[in-house]
Amino acid sequence: MSVTAEILDDDEERGFKSGIPDKVLHIDDVHKSFSGLHALSDVDLDVRKGETHAIIGPNGAGKSTLLNVCVGRLKPDRGAVIFDGEVLTGKSPHEINQLGVARVFQTPEVFLDLTVLENVMVPALSKRDGHFKLNMFRAFADERTIREEAIEIIHNVGLHAQLNDSASSMSRGDKRRLELAMGLIQHPKLLLLDEPTAGMARHDTNATIELLKKIKEGGMTKVIIEHDMHVVFSLADRISVLAGGRIIAQGTPEEIKNNPRVKEAYLGEEQV
Ligand code: ADP
Ligand code: MG
């Protein structure tokens, strides 16, 4: 067997298929090391337009690193991230955000000295100002429209009772929902979520699943890093599995559940 054939066989075994239709995000051969530690090696990943793509894997697998590479917080040592035909690698987080990529981080990043409402308005106002400079679509959206929309989104994420509370007084789970609202008001083409339900009680986790399902109906593309298999299997159209910085499997939830490599590397640790 030739070397090429072996590689192809290996790719098929991992669940990779060529010619993925409508891919909106293309991660191409990304490597990232931290002082000799290979956090990401040979990472190739395609996300289709409108799908919810889950990235799972054990702690330290490189999931957050991959997300940080996508949003421009980390520069890969090699490889590139291409979104909607634009090479993101080398662009700043702000530039990437302006291209329609929003993210909800593992550690919520909200403005502690602002209220819930103000927090949700900030990304929309800054986006409006960014567009104004670029003379684009939402240039003249006024503050009142943004305020009304922010209130609606806050209602949808279940934080309406805390509309005028300071973000500093919120629980970690509520801060995550606040950050989700801050992402949603941007109407991103691509929403990246790093463990959006971590720190939430089961009731709030279920509410977040329902909310993310609704967004799915709206057609937004989502990449979700998630530890909670209940969340993953409730939401994901396709799943990629990272282990030791490498993608070891990719496929539908059913394929992933039955993939022996995944069972060995990850799912064996948990009851799925
Ligand atoms: P995951 O999100 O899958 O738990 P991470 O992407 O956070 O994993 O981390 C992958 C590996 O890279 C871990 O071994 C982690 O300790 C290391 N790592 C992540 N970020 C840094 C950093 N900024 N500096 C040094 N090592 C890091
Ligand atoms: Mg992480």
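**Exercise 1. The hairpin of strands 9 and 10**

Find the bridge partner of leucine 242 in strand 10, then describe the hairpin around this pair.

*Solution.* Work in the predicted model shown above.

Step 1. Locate the pair. Leucine 242 has isoleucine 247 as its bridge partner in strand 10.

Step 2. Place the strands. Strand 9 covers residues 238–243, and 5 bridges join it to strand 10. The two strands run antiparallel.

Step 3. Look at the turn. There are 2 residues between the strands of this hairpin. Glycine 244 has a positive phi near 55°.

Step 4. Check the cover. Strand 10 spans residues 246–251, and 5 of its 6 residues are buried. Strand 10 is thus described as mostly covered.

**Exercise 2. The hairpin of strands 1 and 2**

State how many bridges join strand 1 to strand 2, and list partners along the pair.

*Solution.*

Step 1. Count the bridges. Strand 1, residues 23–34, is joined to strand 2 by 8 bridges. The direction is antiparallel.

Step 2. Read off partners in strand 2:
- Lysine 32 pairs with leucine 40.
- Serine 33 pairs with histidine 38.
- Phenylalanine 34 pairs with leucine 37.

Step 3. Inspect the turn. The hairpin has 2 residues between its strands. Serine 35 sits in the turn, with a positive phi of about 40°.

**Exercise 3. The order of a sheet**

Give the strand order of the open sheet of 4 strands, and work out which strands stand at the edges.

*Solution.*

Step 1. Write the order. It is 2-1-4-5, with antiparallel pairing.

Step 2. Find the edges. Strand 2 and strand 5 each have a single partner strand, so one side of each lacks a neighbour in the sheet.

Step 3. Check an inner pair. Strand 1 is linked to strand 4, residues 78–83, by 5 antiparallel bridges. Leucine 25 stands opposite phenylalanine 83 in strand 4.

Step 4. Recall the general rule. Strands in a sheet pair through backbone hydrogen bonds, in parallel or antiparallel fashion.

**Exercise 4. The shell around ligand 1**

Identify the residues around ligand 1, sort them by class, and find which element gives the most.

*Solution.*

Step 1. List the shell. The residues are Phe34, Leu37, Ala39, Pro58, Asn59, Gly60, Ala61, Gly62, Lys63, Ser64 and Thr65.

Step 2. Sort by class. The shell has 5 nonpolar, 5 polar and 1 charged residues.

Step 3. Find the polar approaches to oxygen atoms of ligand 1:

| Residue | Atom | Distance |
|---|---|---|
| Glycine 60 | backbone N or O | 2.8 Å |
| Glycine 62 | backbone N or O | 3.0 Å |
| Lysine 63 | polar side-chain atom | 2.8 Å |

Step 4. Add the cover. Ligand 1 taken alone exposes 560 Å², and the protein buries 59% of that.

Step 5. Assign elements. Strand 2 (37–48) and helix 2 (63–70) each give two or more residues to the shell. Helix 2 gives the most, with 3 residues.

**Exercise 5. Two residues, two settings**

Decide whether histidine 53 is buried or exposed, then do the task again for lysine 91.

*Solution.*

Step 1. Place histidine 53. This residue is in strand 3, residues 52–56.

Step 2. Apply the cut-off. Histidine 53 has a relative accessible area of 0%, and buried means under 20%. Histidine 53 is therefore buried.

Step 3. List the surroundings. Neighbours within four places in sequence are set aside. Histidine 53 then contacts Leu45, Asp46, Val47, Lys222, Val223, Ile224, Arg238, Ile239 and Ser240.

Step 4. Place lysine 91. This residue is in the loop between strand 5 (86–87) and helix 3 (93–98).

Step 5. Apply the cut-offs again. The relative accessible area of lysine 91 is 25%, so lysine 91 is partly exposed.

Step 6. List its contacts. Beyond four places in sequence, lysine 91 touches Gly72, Glu86, Ile96 and Leu99.

Step 7. Compare sequence and space. Lysine 91 and cysteine 70 are 21 residues apart in sequence. Their C-alpha atoms are 10.0 Å apart.

**Exercise 6. The whole chain**

Summarise the protein chain: its elements, its buried share and its exposed area.

*Solution.*

Step 1. Count elements. The chain has 10 helices and 10 strands.

Step 2. Give the buried share. Of 272 residues, 50% count as buried.

Step 3. Give the surface. The chain exposes about 13100 Å², and carbon and sulfur atoms supply 51% of it.

Step 4. Sort the contacts. Take those with a separation of 6 or more: residues 24 or more positions apart account for 66%.

Terms used:
Residues numbered from 1 in each chain as written. Chains lettered and ligands numbered in written order. Predicted model: local features only at pLDDT ≥ 70, side-chain atom pairs only at ≥ 80, totals over all residues. Heavy atoms only, no water. Near = heavy atom within 4 Å. Polar contact = N/O pair within 3.5 Å; in protein donor to acceptor, adjacent residues only side chain to side chain. Areas by Shrake-Rupley, 256 points an atom, 1.4 Å probe, with all protein chains shown as cover. Nonpolar A, V, L, I, M, F, W, Y, C, P; charged D, E, K, R; others polar. Buried < 20%, exposed > 50% of the residue type's maximum accessible area, 1.4 Å probe, protein only. Contact = heavy atoms within 4.5 Å. Pairing = 2+ DSSP bridges.
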